[in-house]
Amino acid sequence: MRSAARQLGFPTWVLVYLAAAGSAPLAAQADTTARPHQATSYEITLVTSDTGAHVLAEVQTGWRLGSAAPVEMDLDSTLRVVRVLVDGKPNTRLSRTMYGRQGSAVVVPHEKSAGDTLTTRVRYHGIPRGGIRVGPDRTGARALAGETAGARARLWLPVPPGGGGRVSVLWNVQAGKGQRAVANGTLLEVDTLAYDHTTWHFRLDSPVPLEGLAVAVGPYAVATVGHPGCRSRCTPVTLWTAPEDSAAALAGAFGRSGEMMDFFVRYLGAFPYAALAHVAASFTPSGRPGASVVLWDEARLHSGSIDEDEIARATAAQWLGNAMTESGPLAERPSPAIGAYLAWLWRREGGTRPRTEALTRDVDSIRRLHQLVGDSTFALGLRRYVETHRRDTAEPGALARAMSAAAGKPVAWSFRSGEGASR
């Protein structure tokens with residue numbers, strides 16, 4: 001292998017790796033001063049066995065290169081990489097790319113420069129240790145559920161070291177007889193395969209955080225939630241559950257999730273995706289809602305223990321956290337507090353909880369801002385905040401600046417103190 005690598009003209013560091021694999025981390029052998037490569041798109045193909053927990057995947061990633069250094073991806077070491085292709089090369093023995101594999105690192109050399117684009121296509125299989133689960137659901141039916149939230153992406157997808165930025169995604173998900181698939185984005189088509197299998201194709205062109213991806217397959221009953229107060233451009237809200245759970249879930253907390261969306265539209269503007277799906281999952285999700293697809297623990301959904309507050313926060317996160325993100329220390333990012341405050345307003349409007357409910361310091365800070373600028377300015381400022389930073393990242397202080405623009409005068413307010421004045 002070392003001789004073949006030298007004949008193909010690969011960089012010296014690759015030869016060193018091949019000669020002494022295991023002697024040092026691959027990341028340490030690469031140029032540590034190079035700018036990181038940025039993942040910009042994913043095409044994810046998932047095929048599962050009809051029995052067991054085995055997954056076969058082929059993932060194409062689009063990259064914007066930060067340097068001439070090799071592309072490095074994290075992929076859990078329990079998954080066996082079968083092949084790696086670069087820039088759409090055909091799947092032939094001669095065109096397959098030489099790559100390095102040590103632990104969780106998959107390292108692919110290339111001959112391009114900073115600013116260039118490149119695609120990698122990695123095929124692999126195995127039983128993932130987390131992030132995605134294939135096997136029986138609560139009822140014993142075969143199902144799949146996967147998410148990238150909570151740093152789970154590297155357990156079943158090849159991702160940049162340390163996570164990634166915002167990506168668009170195309171899904172190709174195989175389902176068995178009687179199963180339906182759901183994933184981020186819009187359903188493009190369903191292909192019929194042999195042996196009663198189908199492949200479901202979804203596309204989400206709007207870039208979302210890499211931690212916002214979600215997919216599920218199962219024998220779902222799909223119910224559309226109503227929008228009693230919506231008259232035009234009503235975004236579809238659907239509920240995906242086991243057939244036996246559908247009626248009870250609609251009669252419970254999920255029954256008003258369409259009205260809930262309409263409430264948030266008043267404050268945050270048009271919903272950022274074509275639809276929103278609430279989906280029962282055969283594992284316990286990490287807590288971060290996926291973009292356009294929110295996974296819920298099927299056991300909790302069956303027992304009716306999911307409340308409107310959780311659903312409201314997950315709905316608000318579609319704007320605040322998926323459509324836009326924030327920089328700075330986690331404790332200084334206002335989006336979670338905005339979502340919690342809007343959920344509190346929703347409960348007050350719906351009369352589902354006492355108005356005397358105590359608020360945390362962060363949520364009360366948003367309430368004070370609302371009182372300071374008034375309802376119409378508050379709503380306009382939030383819409384400005386979301387729209388200005390859609391598909392982007394808001395810097396610290398951006399919310400106060402959006403409120404000042406909406407008010408037409410400076411609004412001196414601090415998220416951390418919750419105090420301020422309008423001058």
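Analyst: A strand here is a DSSP run (E) of at least two residues, a helix is a run (H or I) of at least four, and both are numbered from the N terminus. Keep in mind that this is a predicted model.

User: Okay, so where does S292 sit?
Analyst: S292 has a phi near 75 degrees, a positive value in a residue other than glycine. Its relative accessible area is 4%, under the 20% cut-off, so S292 counts as buried. As for its place, S292 is found in the loop between strand 17 (276-281) and strand 18.

User: And A151, is that one buried or exposed?
Analyst: Most residues other than glycine have a negative phi. A151 has a positive phi of about 60 degrees and isn't a glycine. You'll find A151 in the loop between strand 9 (142-147) and strand 10 (166-175). Its relative accessibility is 53%, and the cut-off is over 50%, so A151 counts as exposed.

User: What's the overall makeup, and how many strands does the protein chain have?
Analyst: The protein chain has 423 residues, and 51% of them count as buried. Take the contacts between residues at least 6 apart in sequence: 70% of those join residues at least 24 apart. The secondary structure comes to 11 helices, and the strands number 22.

User: In the open sheet ordered 8-9-14-11, which strands stand at the edges?
Analyst: That sheet is made of 4 strands, and the pairing is antiparallel. Strands at its edges each have a single partner strand, so one side of each is left without a neighbour in the sheet; those are strand 8 (132-136) and strand 11 (180-183).

User: Which residue stands opposite A181?
Analyst: Strand 11 and strand 14 (residues 214-218) run antiparallel, and 4 bridges join them. The residue in strand 14 that A181 faces is V217.

User: Why does T199 count as buried?
Analyst: T199 is in strand 13 (residues 198-209). Leaving out residues up to four places away in sequence, T199 touches several others, including N172, V173, E189 and L193. Buried means under 20%, so T199 counts as buried because its relative accessibility is 12%.

User: Which helix gives the most to the lining of the largest pocket?
Analyst: The largest pocket holds about 970 Å³ of space, and 44 residues line it, with G287, R288, P289, A317 and P336 nearest its centre. Among the elements that each supply at least two lining residues are strand 18 (293-297), helix 7 (308-316) and helix 9 (361-373). With 7 residues, the top contributor is helix 8.

User: By class, how many charged residues are in the lining of the largest pocket?
Analyst: The lining splits into three classes. Nonpolar residues account for 21 and polar ones for 11, and the charged residues come to 12.

User: What about sealed spaces: what volume does the largest cavity have?
Analyst: There are 2 cavities of 30 Å³ or more. The largest cavity is lined by 14 residues, and those closest to its centre are D137, Y220, A242, A280 and E298. That lining divides into 6 nonpolar, 4 polar and 4 charged residues. The volume is about 100 Å³.

User: And how many nonpolar residues line the second largest cavity?
Analyst: The second largest cavity has a volume of about 40 Å³. V55, A57, L79, Y124, P128, I132 and W156 line it. The lining has no polar and no charged residues, and the nonpolar count is 7.

How values were computed: Residues are numbered from 1 along each chain as its sequence is written. This is a predicted model: local features need pLDDT of at least 70, side-chain atom pairs count only at pLDDT 80 or more; totals for chains, interfaces and linings use all residues. Side-chain values use heavy atoms; hydrogens and water are left out. Buried means under 20% relative accessible area, exposed over 50%, partly exposed in between (1.4 Å probe, protein chains only). Contact means heavy atoms within 4.5 Å. Two strands pair if DSSP finds at least two bridges between them. On a 1 Å grid over the protein atoms alone, a cavity is a set of points where a 1.4 Å probe fits but cannot get out, and a pocket is an open set with protein on both sides within 12 Å along at least five of seven lines; lining residues have an atom within 4 Å of a point. Grid points are joined across faces, edges and corners, and a volume is the space filled by probe spheres set on the points. Ala, Val, Leu, Ile, Met, Phe, Trp, Tyr, Cys and Pro count as nonpolar, Asp, Glu, Lys and Arg as charged, and the others, Gly among them, as polar.
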